[in-house]
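Colleague: Hi, I'm new to reading structures and would like to go through one with you. Could you pull it up so that we can talk it over?

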Amino acid sequence: MSSWLQANLRIQMGSFELHLDLAPKGRALGIFGASGSGKSTVLELLAGWRRGQGQRIELLGRVLEDQDIWVAPEKRRFGFVPQDLLLFPHLTVEENLAFGQGPGAPGFELAHIAEVLELSDFLNRKPAALSGGQRQRVALGRALACAPDVLLLDEPLASLDVGLRRRLLPYLMAVRLEFDLPLILVSHDAVEIEALCDEVIVLEGGRSSSSGDPVQVLAAEAAGHPNLLTGVVEEQTPAGAAVRVQGGALFYVAASNLREGMRVMFTLGSDDLLLARERVEGLSARTELGVSVAQVEQRGDLLLAEVTLAGDGAPRVRVRVTPSAVQELNLVVGQELMLYAKSTAARPL
């Protein structure tokens, strides 16, 4: 069966070049990657906000762009939620939703959109009188109002803290189920991608580095980058959320909003970690793990000790060390050490 989207995206912007072919297998595609990898550019090319070079875009059997074809952005039938929302400050919530629908244009019923997104009680308010989460839901509702063929979501929750992002996820899931629209979600949040998408593409420097099932791809992505880890919350404790990573190591993460069973990706600052030759009593650090030295690497003035956690398939972690620490610990490859980390050293993405 052919995909609802067939796109060969090409653009050169200074020294940056994006070259990406899209043919989603499922109804929801995630685009994951670091800042500057080209994630937002993908959506802008699809929506016609940028013009590529020699590219072709076909949506639901309709050619939007080819050598002699250019369909204007307003006729492409994408519903776009940009990062900065772009709500009209002088219009009420109801008027912002109606603007998305357009004058006399058929679309989803605004009352139904407001009900699904729980905006019915705020229809007469202006954006300045709304919370950050409410404004996000208005922007999503406005994109839905025209009954688009596809939703494009450009990091729709990125400006919010982790707790609020998690509380808004059910609204995105409800939109997917209630309106049954194909969607493309750009996000650096693995939890959002795994919750909403059937498939993910990881972008690096404008190219796809991997793609496939979100859980498998993002777990492999985390394993391939020291200090980027993924795991499952086992419980909330006074020391923070206890997160079990691949291989069995248990990290404590200072985030009270993480719940049991939740999948989380987090980073560890190399400056926030300690190594010791033996177990140390009386530290405030809650994460205590046995590790083995994989290598000691010098990067300019930096010395980084790369250590491997215990367990099959366990991730690697890099720890910044001083030359004197290397001598005192007598760091050599294969050496067994203890790793310590405060719960505040683990930062959820």
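Colleague: Let's start with one residue: where is the place of Q246?

Modeller: First, this is a predicted model, where local features need pLDDT of at least 70 and side-chain atom pairs count only at pLDDT 80 or more, while totals for chains, interfaces and linings use all residues. Residues are numbered from 1 along each chain as its sequence is written, and side-chain values use heavy atoms, with hydrogens and water left out. Strands and helices here are DSSP runs, numbered from the N terminus (E, at least two residues, for strands; H or I, at least four, for helices). With that in hand, Q246 sits in the loop between β13 (240-245) and β14 (250-253).

Colleague: And is Q246 buried, partly exposed or exposed?

Modeller: We go by relative accessible area: under 20% is buried, over 50% is exposed, and in between is partly exposed (1.4 Å probe, protein chains only). Q246 has 45% relative accessibility, so the label is partly exposed.

Colleague: Which residues is Q246 in contact with, leaving aside its neighbours within four places in sequence?

Modeller: Contact means heavy atoms within 4.5 Å. With those neighbours set aside, the contacts of Q246 are T230, D312, G313, A314 and P315.

Colleague: Now T237: which polar partner does its side chain have, and at what distance?

Modeller: T237 lies in strand β12 (residues 228-237) and counts as buried because its relative accessibility is 19%. Leaving aside neighbours within four places in sequence, T237 is in contact with A242 and Y252. As for the polar partner, a polar atom of the T237 side chain and the backbone oxygen of G240 are apart by 2.7 Å.

Colleague: How many salt bridges does a search of the whole structure find?

Modeller: Side chains of opposite charge can pair when their charged atoms come close. The cut-off for a salt bridge is a side-chain nitrogen of Lys or Arg within 4 Å of a carboxyl oxygen of Asp or Glu. Searching the whole structure that way, the number found is 20.

Colleague: E155 and K39 meet in a salt bridge; how many residues apart are they?

Modeller: Their side chains meet at 3.8 Å, N to O. E155 is in the loop between β8 (150-154) and α5 (162-179), K39 is in helix α1 (residues 39-47), and the pair links distant parts of the chain. Both E155 and K39 are buried. Their separation along the chain is 116 residues.

Colleague: What is the distance between the closest N and O atoms of D198 and R176?

Modeller: D198 is partly exposed because its relative accessibility is 33%, and R176 is partly exposed too, at 22%. The two form a salt bridge, and the distance between the closest N and O atoms is 2.9 Å.

Colleague: E194 also forms a salt bridge; which residue is its partner?

Modeller: The closest N and O atoms of this pair are 3.0 Å apart. E194 counts as buried because its relative accessibility is 18%. Its partner is R263.

Colleague: Over to the rings: why is the pair of W49 and F80 given its label?

Modeller: A pair of aromatic rings is described by the distance of the centres and the angle of the planes. Rings of Phe, Tyr and Trp (its six-membered ring) pair if their centres lie within 6.5 Å, and planes under 30 degrees apart count as stacked, over 60 as edge-to-face and the rest as tilted. A search of the whole structure finds 4 such aromatic pairs. For W49 and F80 the centres are 4.3 Å apart and the planes are at 25°, so the label is stacked.

Colleague: W49 and F80: which of them is buried and which partly exposed?

Modeller: W49 has 47% relative accessibility, so W49 is partly exposed. At 14%, the buried one is F80.

Colleague: Last one: the charged end of R137 sits over which ring?

Modeller: The rule for a charge over a ring is NZ of Lys or CZ of Arg within 6 Å of the ring centre and within 35 degrees of the ring normal. R51 lies over the face of W70, at 3.7 Å from the ring centre. R137 has its charged end 4.6 Å from the centre of the ring of Y171.

Methods: Polar contact = N/O pair within 3.5 Å; in protein donor to acceptor, adjacent residues only side chain to side chain.
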